[in-house]
Amino acid sequence: MTDNRDSDTLTLVDNSFGRLPDHLLIEIFIRLPVSEWAQISCVKKQWASLFLGECLWQAALMRTFPSASQAKRWPGPIPQGLSKRRFAALYVGKHIFALDNEIDEIVGHTYLFLKEQLELSNMPPPSGILHGTIIADQFITCGKSRDVAHELASQIWLAVLDNLEENQHTFLLLKRLALEGDVFLPFPYSRSIKVQWRVFEKLFTDFRDCFDQADYYDVLAIAKNKFQPIPSAWLGF
């Protein structure tokens, strides 16, 4: 019975939407919740190709973020990219950082850049290099003061750390960041104490079961050297 219903649904989709030109499908799709787009793109190959193309993302960008057309290109190593990338960056700026000003897209792009560097690389660059890229090469060259740049970078690090998947790769990444030691770079190019704290906090709460005994005591010793006092919740292997 269920198979018949599924077949009828697919037939209805083909009959109602199969004849629509791409530009009308795009206008329909961009009016649906973003959370449903991944599921929609799996229904038909034609629809999947629309979500892979530039036209849909240009339309989505203009509808959801109309001021994006007025944005100027900025200096620094992190590019704007095409419409899909810009949409993702603006979405991050609005929904993760609650920004709605001229800095929101740059923050979104920087968040995506850092998250990809940490998640997708088997051996990402040292955090000091990443932090320096975010601070010096991106925000300061965009006209932000050293203090503002440092605070923005710290917010981005914290957001990325909070949104990493809980898997073995993330555990190894966090352990590497914890064992990395102090980065010998002057303010504001060093990771803030808030970011360093969050690394250890996640290791000792979300990833405690991933430690073997030797690693646990090595990381705990570094934590005790950095922070006094440390939370009692971090203690006990």
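In the predicted model, helix H6 provides the largest share of the lining of the second largest pocket, namely four residues. This pocket has a volume of about 220 Å³, and its lining consists of Val-34, Trp-37, Ala-38, Ser-41, Phe-51, Trp-57, Lys-84, Phe-87, Ala-88 and Tyr-91. Helix H3, which spans residues 37–40, and H6 each supply at least two of the lining residues. When the lining of the second largest pocket is sorted by class, eight residues are nonpolar, one is polar and one is charged.

The largest pocket has a volume of about 440 Å³, and of the 22 residues that line it, Ala-71, Asn-101, Glu-102, Ile-103 and Asp-104 are the closest to its centre. H6 contributes to this lining too, since H6 and H7 each supply at least two residues of it, while the largest share, three residues, comes from H7. By class, the lining of the largest pocket comprises ten nonpolar, four polar and eight charged residues.

With regard to the overall architecture, the protein contains twelve helices and zero strands, and its pattern along the sequence is accordingly written as α-α-α-α-α-α-α-α-α-α-α-α. Of the 237 residues of the protein, 41% count as buried. Among the contacts between residues at least 6 apart in sequence, 62% join residues that are at least 24 apart.

The packing of two of these helices was examined in more detail. Helix H2 (residues 22–29) packs with helix H4 (residues 45–52) at an angle of about 75°, and the axes of the two helices lie 11 Å apart. Because angles of 65 to 115 degrees count as roughly perpendicular, H2 and H4 are therefore described as roughly perpendicular to each other. On the side of H2, the contact is made by Asp-22, Leu-25, Ile-26 and Phe-29, and on the side of H4 by Gln-46, Trp-47, Leu-50 and Phe-51. By class, six residues of this contact are nonpolar, one is polar and one is charged. Phe-51 of H4, which takes part in the contact with H2, is also one of the residues that line the second largest pocket.

Two features of the backbone call for comment. Most residues other than glycine have a negative phi, and most peptide bonds are trans. Ala-98, although it is not a glycine, has a positive phi of about 55°; this residue is found in the loop between helix H6 (83–95) and helix H7 (104–120). With a relative accessibility of 66%, Ala-98 counts as exposed, because the cut-off for that class is over 50%. The second feature is a cis peptide bond, which joins Gln-228 and Pro-229 and has an omega of about -5°. Pro-229 is placed in the segment after helix H12 (213–226).

A further loop residue, Glu-165, is found between helix H9 (146–162) and helix H10 (168–179). At 54% relative accessibility, Glu-165 counts as exposed. When its neighbours within four places in sequence are left aside, Glu-165 is in contact with Glu-119, Thr-170 and Phe-207. Of these partners, Glu-119 is separated from Glu-165 by 46 residues in sequence, whereas the C-alpha to C-alpha distance between Glu-165 and Glu-119 is 8.7 Å.

Methods: Residues are numbered from 1 along each chain as its sequence is written. This is a predicted model: local features need pLDDT of at least 70, side-chain atom pairs count only at pLDDT 80 or more; totals for chains, interfaces and linings use all residues. Side-chain values use heavy atoms; hydrogens and water are left out. Axes are lines fitted to C-alpha atoms, for helices over the stretch in contact, and angles run from 0 to 180 degrees between N-to-C directions. Angles under 35 degrees count as roughly parallel, over 145 as roughly antiparallel, 65 to 115 as roughly perpendicular and the rest as oblique. Contact means heavy atoms within 4.5 Å. Ala, Val, Leu, Ile, Met, Phe, Trp, Tyr, Cys and Pro count as nonpolar, Asp, Glu, Lys and Arg as charged, and the others, Gly among them, as polar. Buried means under 20% relative accessible area, exposed over 50%, partly exposed in between (1.4 Å probe, protein chains only). On a 1 Å grid over the protein atoms alone, a cavity is a set of points where a 1.4 Å probe fits but cannot get out, and a pocket is an open set with protein on both sides within 12 Å along at least five of seven lines; lining residues have an atom within 4 Å of a point. Grid points are joined across faces, edges and corners, and a volume is the space filled by probe spheres set on the points.
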